[in-house]
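Reader: I am new to this structure and would like to know how its labels are earned. Please go through them with me one at a time.

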Amino acid sequence: LFNVSLFSQEVYLSVGRNSTAYDYKNSSGESIDGLKTGVGLSLTAGVLYYFDDEAIFHYQGGVTLNQFNASAIISERRYSWNTNYLGLQNLVGIRLFETHSTFSTQVNLGANISHIISGKQFSDDQSFDIKSNPEFKGVFIQPLAGLILTYEISDFVYITGGYNYSFAFNTSSSDEKLSFTNNQLQVGFHFKPR
């Protein structure tokens with residue numbers, strides 16, 4: 001009933017920088033004023049499959065490690081949250097244009113599904129483990145869209161650079177609600193097997 005042909009395969013590794021804004025609501029539905037954007041690391045490793053001979057459409061699947069961090073000053077106390085989320089990312093890419101077979105531009109659309117593996121809240125000189133806090137644990141769904149530029153170094157290696165925008169929300173039921181808005185810059189290295 002359904003048939004998809006895959007024409008080639010690549011492996012890739014991407015390194016990036018997350019700029020994350022928290023949207024937090026307590027059990028009364030009130031937000032925290034003074035939440036600041038935090039910066040963290042992003043790592044992705046995976047495979048890429050092309051759906052056509054011209055390499056216009058592709059699928060990317062990978063494992064991600066994202067740091068979603070934030071800070072705030074509340075009642076003259078300084079707070080910060082440092083978290084690590086492990087996830088699975090699925091993207092569909094469309095090449096928009098290509099010049100001289102060296103440079104190309106593509107759009108990626110997809111989602112990441114992740115779960116917290118470690119997290120700390122720092123308050124002045126104290127730290128607390130937040131991995132088991134209801135608003136941080138559970139499964140986070142993160143739809144994303146990105147614009148990627150590629151430069152082919154050889155027939156077997158090319159590099160990418162780009163921007164992804166995403167919004168992550170927790171699917172678990174809790175009185176407190178937490179979601180992330182994330183802006184990500186990344187550089188990737190793709191390897192085509194011979």
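Reader: What makes Phe 180 count as buried or exposed?

Author: This is a predicted model, and the label rests on a computed accessibility. Phe 180 has 1% relative accessibility. Buried means under 20%, so Phe 180 counts as buried.

Reader: How do you know whether Phe 140 is buried or exposed?

Author: The relative accessible area of Phe 140 is 0%. The cut-off for buried is under 20%, so Phe 140 is buried.

Reader: How many aromatic pairs are there, and why is the pair of Tyr 85 and Phe 140 called edge-to-face?

Author: A search of the whole structure gives 11 aromatic pairs. In one of them, Tyr 85 and Phe 140 have ring centres 5.2 Å apart and planes at 75°. Centres within 6.5 Å make a pair, and planes over 60 degrees apart make it edge-to-face, so both parts of the label hold for Tyr 85 and Phe 140.

Reader: What does the pair of Tyr 85 and Phe 140 tie together?

Author: Tyr 85 belongs to strand β5 (residues 77-99) and Phe 140 to strand β8, so the pair ties together parts 55 residues apart in sequence. Both Tyr 85 and Phe 140 are buried.

Reader: Why is the pair of Phe 140 and Phe 180 called stacked?

Author: The planes of Phe 140 and Phe 180 are at 15° and the ring centres 5.2 Å apart. Planes under 30 degrees apart count as stacked, so the pair is stacked. Phe 140 in strand β8 and Phe 180 in strand β10 are 40 residues apart, and their pair links distant parts of the chain.

Reader: Which residues do ring pairs link into a cluster?

Author: The cluster consists of Tyr 22, Phe 68, Tyr 79, Trp 81, Tyr 85, Phe 136, Phe 140 and Phe 180.

Reader: What makes the contact of Glu 152 and Lys 192 a salt bridge?

Author: The N to O distance between the side chains of Glu 152 and Lys 192 is 3.8 Å. The cut-off is within 4 Å, so this pair meets it. Glu 152 lies in strand β8 (residues 139-152) and Lys 192 in the segment after β10 (177-191), so the salt bridge ties together parts 40 residues apart in sequence.

Reader: Why are Glu 152 and Lys 192 called partly exposed?

Author: Glu 152 has 26% relative accessibility, and Lys 192 has a relative accessible area of 25%. Partly exposed lies between under 20% for buried and over 50% for exposed, so the label fits Glu 152 and Lys 192.

Reader: How many salt bridges does the structure hold, and what is the distance for Glu 98 and Arg 95?

Author: There are 2 salt bridges. The side chains of Glu 98 and Arg 95 form one of them, at 3.8 Å from N to O. Glu 98 counts as partly exposed, with 40% relative accessibility.

Reader: How do you know that β2 pairs with strand β3?

Author: The two strands are joined by 9 bridges and run antiparallel. Pairing needs at least two bridges, so β2 and β3 qualify. One bridge partner pair is Gly 46 and Gly 62, the latter in β3. The two strands form a hairpin with 6 residues between them, and Ala 55 in the turn has a positive phi of about 60°.

Reader: In what sense do strand β1 and strand β2 pair?

Author: Strand β1 (residues 9-25) and strand β2 (residues 35-50) pair in the antiparallel sense, over 12 bridges. Leu 48 in β2 is the bridge partner of Glu 10.

Notes:
Residues numbered from 1 in each chain as written. Predicted model: local features only at pLDDT ≥ 70, side-chain atom pairs only at ≥ 80, totals over all residues. Heavy atoms only, no water. Buried < 20%, exposed > 50% of the residue type's maximum accessible area, 1.4 Å probe, protein only. Helix = DSSP H or I, 4+ residues; strand = E, 2+ residues; numbered from the N terminus. Phe/Tyr/Trp six-rings, centres within 6.5 Å; stacked < 30°, edge-to-face > 60°.
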